[in-house]
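Biologist: I'm new to this one, and I'd like to learn how the labels are earned. Could you show me the structure and take my questions one by one?

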Amino acid sequence: NQSNSGKKRNSSRERRQRKDLRNADVKRKAEDEQLAQQISTMLLEEPRPSGEVLAELEQERIFPLRKRSVKFPLARFFCRLCDYHCDTVAICHKHIKDTRHKRLKLIRTTDILLKSLPAPSQVHVESLTQVVETVYSKEALPEEQVKVRLEIFEKVSAFVHSKYPDAKLSIYGSTATGFALKDSDLNMDLSIDEAAKVLMAIHQLLKNDESGYYQQVQSDFTAKIPCVFFQVAGTDTRCQLSINSQIACQTAELLKCYTSLDPRVKKIGVAFRHWAKIIDIDQQDRGTLPSYVFGLMAVYFLQQCQPPVLPVLHELVQGEEKTQETSIRNIDQMKTLWRTENKMSVGELWLNLLKFYSVELDLNKIVICIRRQEPVPRDEKKWASKKLAIEDPYAKKRNVARSVSHSHVFEYIYDRMRAT
């Protein structure tokens, strides 16, 4: 009997709870309907804006809606800059003061200004060419220093092979591509079974080396790509020995092929890297961009400009992927297959590069991809969450600009490019 009594009390309590929930829903719906009715009445009572008010809103890219929005039935105005619906003139004026609206208005105004700029004079072009040439001569890694780095690489390779005969070392990064600045690191990749253990052992061998050749030996085994840093006696070159960098080695070889096709490529790439260094946007670990991104961006622009300075090697060479990669790396063969008709100076190209990325290319819709001539839409990659999308040519699912994690960083990069 006690059990039956308890069940009845529980059943009665559940019925009361369901009834209270139904009553609450009814009350909430009634309040919503009342609020909607009040807003609708307010909108009907609001006088039609004067021509002066409408002209003011139009300057802010806010226009009256011709048809009622299904999703926003009370909206009477629409901001074309922000894709934002406004119910009243008062809400429009409040929206105009919004930070995002102000920024988008500034971008549009700047776009109009940049697109209407007159073509540079010959004197202007010659001055720009001289600037780019000067930057290249002062900031690029000289050929004699490249030879010194290759000698360092050979000595490090011999040292590692003496301890681990099966190990293979490769150079990657800007020293390999030709986009190196004078203070760029010498990047080397170690390939061997159980590479992580071998790298740790090599770290100890370098630290304990009695010849004095290896100095300031440090390690970072907790990084995403474990590595060992060191310098060699008699030079200021900072060396980095890492593992699992095969994709970076492939990308470096591809960029080297592109820099070998036209002498202007290195000059534009080095100028772009130097520019990025000046404004401090080439530090991946600080939430900006990896330094090699600027080489990819330079190549992409030189493929897209008219007439193109560079071909798309992946489309120039047909065949299976393995055969295609072998052909691409045959620089002499590539030079026979490609001849550019572009005669622009590096000054003209530099100016056009800035214009391309600040005005012409829609970075919100297009992926920077050096494998294809036709623009690659973001929808194809599903990279809508990032402000900047740059494909790694050998890791097609990787956006190498993903390190730009905050929209304010992208806005800074974009603003600096437009200001330049």
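Modeller: Happily! This is a predicted model. Among the buried residues of helix H10 are Arg 264, Val 265, Phe 272, Arg 273, His 274 and Trp 275.

Biologist: What makes you call H10 mostly covered?

Modeller: A residue is buried if its relative accessible area is under 20%. Twelve of the 16 residues of H10 are buried, so by that cut-off the helix counts as mostly covered. The cover includes helices H5 (122-139), H9 (246-261), H11 (293-304) and H15 (346-360).

Biologist: How do you know that the length of H10 is close to what is expected?

Modeller: The expected span is 1.5 Å times one less than the number of residues. For the 16 residues of H10 (263-278) that gives 22 Å, and the helix reaches 23 Å from its first C-alpha to its last, so the two are close.

Biologist: Why is Asp 262 said to cap the N-terminal end of H10?

Modeller: One of its side-chain oxygens lies 2.9 Å from the backbone nitrogen of Arg 264. A polar contact needs N or O atoms within 3.5 Å, so this pair qualifies. Following H10 comes Asp 280, with a positive phi near 65°.

Biologist: On to the rings. Why is the pair of Tyr 214 and Phe 230 called edge-to-face?

Modeller: Their centres are 5.6 Å apart and their planes meet at 80°. Pairing asks for centres within 6.5 Å, and edge-to-face for planes over 60 degrees apart, so both conditions hold. The pair links strand E6 (214-220) with strand E7 (227-232), 16 residues apart. Both Tyr 214 and Phe 230 are buried.

Biologist: What makes Phe 356 and Tyr 357 an edge-to-face pair?

Modeller: With 4.9 Å between centres and 80° between planes, they meet those cut-offs, so the label fits. These two are buried as well. They also belong to a cluster linked by ring pairs, which includes Phe 272, Trp 275 and Trp 350.

Biologist: How do you know that Arg 80 lies over the face of Phe 63?

Modeller: The distance to the ring centre is 3.8 Å. The rule asks for CZ of Arg within 6 Å of the centre and within 35 degrees of the ring normal; the distance passes, and Arg 80 is listed as lying over the face.

Biologist: Last one: what makes strands E4 and E5 a pair?

Modeller: Two strands pair with at least two bridges, and five join E4 (168-172) to E5, so they pair, running antiparallel. Leu 169 has Leu 190 as its bridge partner in E5. E5 is also joined by five bridges to E8 (238-243), this time parallel.

Technical notes:
Residues are numbered from 1 along each chain as its sequence is written. This is a predicted model: local features need pLDDT of at least 70, side-chain atom pairs count only at pLDDT 80 or more; totals for chains, interfaces and linings use all residues. Side-chain values use heavy atoms; hydrogens and water are left out. Rings of Phe, Tyr and Trp (its six-membered ring) pair if their centres lie within 6.5 Å; planes under 30 degrees apart count as stacked, over 60 as edge-to-face and the rest as tilted. Helices (H or I, at least four residues) and strands (E, at least two) are DSSP runs, numbered from the N terminus. Buried means under 20% relative accessible area, exposed over 50%, partly exposed in between (1.4 Å probe, protein chains only). Contact means heavy atoms within 4.5 Å. A polar contact is a pair of N or O atoms within 3.5 Å; within protein, one must be able to donate a hydrogen and the other to accept it, and residues adjacent in sequence count only if both atoms are side-chain atoms.
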